[in-house]
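Work through the exercises below with the model open beside you, and attempt each task before reading its solution.

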Protein chains: 2
Amino acid sequence: MRRIAIIDVGSNTAKLVDFAYEPGRSYRQVDELRTVVRLSQGMGDAGLLRSEPFERGLSALRTFASYCRATEVDDVVATATSAVRAASNGERFVAAVLEHTGIDLRVLSGEEEARTGALAAANAFSTGEAVVLDVGGGSVQLSRLAHRRFAAGASWPLGAVRSTETVLRGDPPKAKSVKALAAAAKSAFVPWFDSHVADGPLPMIGMGGTLRNLANVEQARSSYPLDLLHGYRLSRDALASLTEELLSLSAAKRADLPGLNRDRADIIAAGAVVIGEALAASGTDAIDVSGQGLREGLLYPYLVPGGEHLLDDVKAFSIRNLMRQYHDHSAHNEHVRALAWRLFDALASVDSLASAHALDSDARALLGHAALVHDIGMAVDYYRHEHHGFRLAIGRALPGFTHREQVMVALLVRNHRKGQIDDGGLGSLLADGDMETVKVLSGLLRVAEYLDRGKAQRITSLLVHVGDGVVQIEAQADGDARVEVHAAKLRADLLAAALTMDVEVVAGTSETTTHRATGEASG
Amino acid sequence: MRRIAIIDVGSNTAKLVDFAYEPGRSYRQVDELRTVVRLSQGMGDAGLLRSEPFERGLSALRTFASYCRATEVDDVVATATSAVRAASNGERFVAAVLEHTGIDLRVLSGEEEARTGALAAANAFSTGEAVVLDVGGGSVQLSRLAHRRFAAGASWPLGAVRSTETVLRGDPPKAKSVKALAAAAKSAFVPWFDSHVADGPLPMIGMGGTLRNLANVEQARSSYPLDLLHGYRLSRDALASLTEELLSLSAAKRADLPGLNRDRADIIAAGAVVIGEALAASGTDAIDVSGQGLREGLLYPYLVPGGEHLLDDVKAFSIRNLMRQYHDHSAHNEHVRALAWRLFDALASVDSLASAHALDSDARALLGHAALVHDIGMAVDYYRHEHHGFRLAIGRALPGFTHREQVMVALLVRNHRKGQIDDGGLGSLLADGDMETVKVLSGLLRVAEYLDRGKAQRITSLLVHVGDGVVQIEAQADGDARVEVHAAKLRADLLAAALTMDVEVVAGTSETTTHRATGEASG
């Protein structure tokens, strides 16, 4: 594993994120240092970093440099955005940083910033066509993602700190100044959408600490049952109601709202207004919160070194990354997936009348994803590992998956061995019919799991006969597969209940396996 | 990591447990196969394994052999206990197993069985002086543990299957036959306790599937807040009430009790009666449930190869084993422990009047254990890793710890970074004053954690001054420790609240560090 420290000096905060990664394979965040620097404080029209913010920024970077030396990371990537970019003494800041800390700060242009965020979005969501909104402290970027590539982007000085300082007046802010901010945002965004998103609304992906914090507050307000920000969908209605509340409160009162980050209390209302205007201009009714942003965008060239730094398949990468977190990359998992898919296909394709289920390719994909991670809970304990695995599968972001999909994968993990099916308290995140899908897929996964009971990939093929209320699964083995056939027989009841058919598992008809199957039946 | 399959052919069940282990360092269970064989069924006074149980046993071992071949374990250890030992055709069974499966089954004597269980108990609990009760399907063993060594032991044919078959009559069992069973158990156990536990009651450690299943039912009845069997304390009163209920129900009705294992429904009542008599004979008021037993006893010669196969320190081993599960064995953890202990000692030892806390060596030990595992939750995700770590720390047995101690360690893990202190819904497992202890220890751990913020062990010593409502912690560093001093300052508020004193963290007084501390203060 290599280690990289990514430093990002924004207008509100300076952050260092330390990632451990293996190029092309996996990564995880190891640490994070965050300092509120408010670089643009008092910058005003003069466009000068004032001495106090200047010193705060320098002090944060000294700390980061100390961290990098101590942890001996392999690479350091350090960037600065809007405040340093806009400041007339930005170059002096960069020079001072280099002199005092040895850190070579690269100042990103507005377009570079937008491109970098768009790369993160393309690798963190399954949506190839989207608009990416990144609200920082100093600036706001909008990007058009087309076929997962950055197609166009722009940047405006409408970040949360800057908007608060330059437009809003009063605490709570006066209605007139709020209107002025909304009008400024509208006049920036509407023409951009007119030029770049002409064919009607696209999904919107949102980045930046302001949006994440708004989502956090909304999750607390609505008692959202998952503790995950990435992939959370914040609706325009919820945002509107939240914005109204934030605007009605003083900064001091806002700080007490559950979920709100105190050091954003003064700037979050401005950010909320700007995001609301972007949503209005886009015509979409929700924004998908990204846990990834500029920093991950800077990571991807290292994680995916070739070409355009795009992951081939975001969901597949997330699942393999999850497996690797728990050192659970095994031939067993791959084999269970192959067996589960074989069963899925055989039961779907008999013919339109006799097919045992009517599930689509999305369901098939979820089955495959769950099959690969079904045993991750063993990292916690063998006993009840299906329950541990369920918690682990909803315990971290799974980029590329919606929360609904992630919950379905987690439920399949929970059901892969035994026990009754229920929604684990997460039913509110599922759509109609999803629990029936989960039940059928769980039944398939469970049979597949036990068909590799010995974890030795002995079952080489499955013949599936469907007819007259009975599914017969004939397992052809390479070698002695008595463990597998016996175990799958015992665990086929869930599949039978899900399909409302009898399910029989028998050993294949070569001479030896017949003998063994008979032996089992009498045992 | 090596792999070992441990096979144990009991009177009720045949089990294979597959462990991965690194001698002297760590182990974890990888898989488990379990078949109900009821070997002693119909054995009666003739003492003959009848043909159906004989074949069931053989079939189970064929399956186990297939598993061992498939998974390519390094070693196979296979034993048989009471039913095979007692059967007049036991040797023929052993020969048939060898011929048909290649497995060389070793028949344990009653004393060997007791010794092996006692070894497991000595390595799974912190109690050096205890009585170990192992209730199997065929036999029951009592052992006296003295200085963690097997001192004496005996075996009686009073196992749950055998007692049910030979003594109990009727379903539900008739009162007269229950009395006969109780009398038989009493006349076996009382003389043994008189001879071997003369100096008054000792803690009792209980093993075997029957006891674990009784504990499981009692946990369900009482809504026990932890999902852990090992270390659960089943009181004599709870057992008496549970036994009464089990005896009043038919086997079919018992099978519906929450937590009860259906394939034990017919034999569990007999087991409960026998355990109750052992408790009565011992004079103790509770039995500590062991998740380990014969199979782990057979593992220890491999896991702890030298001498008597005793772990030096059961708790320390559990903690290190937990760290290794999550690949979190780092110098940072050791350093945080050293810093936390240094603070603990400094604040305790000033003098009897000025000491800032009055915690004892048990609290100090818990602080040390928590310090070593405080970051295990990072295996799940960096964000909220303290919460993930809390779940992981209560997610598996921690041999050597009581549940109360394990909960305290888990709460310290949860509190090591930030957030308010509460009991995590587990307050019913704590004693009076424990939350105050947790608060002080959490405060110490948090300061220690941030004193190694850069994870580079830069703080080399701490000078602690206590006086007049103020604790001053002066950190001497090797190199640039601005990250550490700054971070510890910011996170000292919990310790201050716990001690109701001000807590100041300053850099040490060498010339460079003074300069840095001043730099920080103005930053």
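The model is a predicted one, and the first exercise starts from a helix of chain B.

**Exercise 1. Establish which strands helix α11 of chain B lies across, and how those strands are arranged in their sheet.**

Solution. Helix α11 (residues 294–303) of chain B lies across β1, β2 (13–22), β3 and β4 of chain B, and its direction makes an angle of about 30° with β2(B). These strands belong to an open sheet of five strands in chain B, with mixed pairing and the order β3-β2-β1-β4-β5. From that order it follows that β3 (26–36) and β5 (106–107) of chain B are at the edges, each having a single partner strand, so one side of each is left without a neighbour in the sheet. Within the sheet, strand β1 (residues 2–9) and strand β4 (residues 75–80) of chain B pair in the parallel sense over six bridges, and V9(B) is found opposite A80(B) in β4(B).

**Exercise 2. Compare the span of helix α4 of chain B with the expected one, and determine how many of its residues are buried.**

Solution. Helix α4 (residues 110–124) of chain B consists of 15 residues, and the distance from its first C-alpha to its last is 21 Å, close to the 21 Å expected at 1.5 Å a residue. For the second part, a residue is counted as buried when its relative accessible area is under 20%. By this criterion 12 of the 15 residues of α4(B) are buried, so the helix is largely enclosed by the rest of the structure. Among them are G110(B), E113(B), T116(B), L119(B) and N123(B), together with several alanines, including A114(B) and A118(B).

**Exercise 3. Describe the salt bridges of E334(A), D288(B) and D422(B), giving for each the partner and the closest N and O distance.**

Solution. A search of the whole structure gives 52 salt bridges over all chains, and three of the pairs are taken in turn.

- E334(A) forms a salt bridge with R320(A), with 2.9 Å between the closest N and O atoms. Because E334(A) lies in helix α13 (residues 331–348) of chain A and R320(A) in helix α12 (residues 314–325) of chain A, the pair ties together parts that are 14 residues apart in sequence. E334(A) is partly exposed at a relative accessible area of 26%, and R320(A) is partly exposed at 23%.
- D288(B) forms a salt bridge with R233(B), with 2.6 Å between the closest N and O atoms. Since D288(B) lies in strand β11 (residues 286–289) and R233(B) in strand β10 (residues 233–235) of chain B, the pair ties together parts that are 55 residues apart in sequence. D288(B) is buried, with a relative accessible area of 8%, whereas R233(B) is exposed, with 55%.
- D422(B) and R414(B) meet through their side chains in a salt bridge of 2.3 Å, N to O. D422(B) is partly exposed at 39% relative accessible area, while R414(B) counts as buried at 12%.

**Exercise 4. Characterise the interface between chain A and chain B by its contacts, its buried area and its salt bridges.**

Solution. Begin with the contacts, in which 39 residues of chain A meet 39 residues of chain B. The area buried between the two chains is about 3,600 Å², and carbon and sulfur atoms give 47% of it. The salt bridges between chain A and chain B number six. D227(B), for instance, forms a salt bridge with R384(A), the closest N and O atoms being 2.1 Å apart.

Note on methods:
Residues are numbered from 1 along each chain as its sequence is written. Chains are lettered from A and ligands numbered from 1 in the order in which they are written. This is a predicted model: local features need pLDDT of at least 70, side-chain atom pairs count only at pLDDT 80 or more; totals for chains, interfaces and linings use all residues. Side-chain values use heavy atoms; hydrogens and water are left out. Two strands pair if DSSP finds at least two bridges between them. Helices (H or I, at least four residues) and strands (E, at least two) are DSSP runs, numbered from the N terminus. Contact means heavy atoms within 4.5 Å. Axes are lines fitted to C-alpha atoms, for helices over the stretch in contact, and angles run from 0 to 180 degrees between N-to-C directions. The expected span of a helix is 1.5 Å times one less than its number of residues. Buried means under 20% relative accessible area, exposed over 50%, partly exposed in between (1.4 Å probe, protein chains only). A salt bridge is a side-chain nitrogen of Lys or Arg within 4 Å of a carboxyl oxygen of Asp or Glu. Buried area is the accessible area (1.4 Å probe) that two parts lose on being put together, summed over both.
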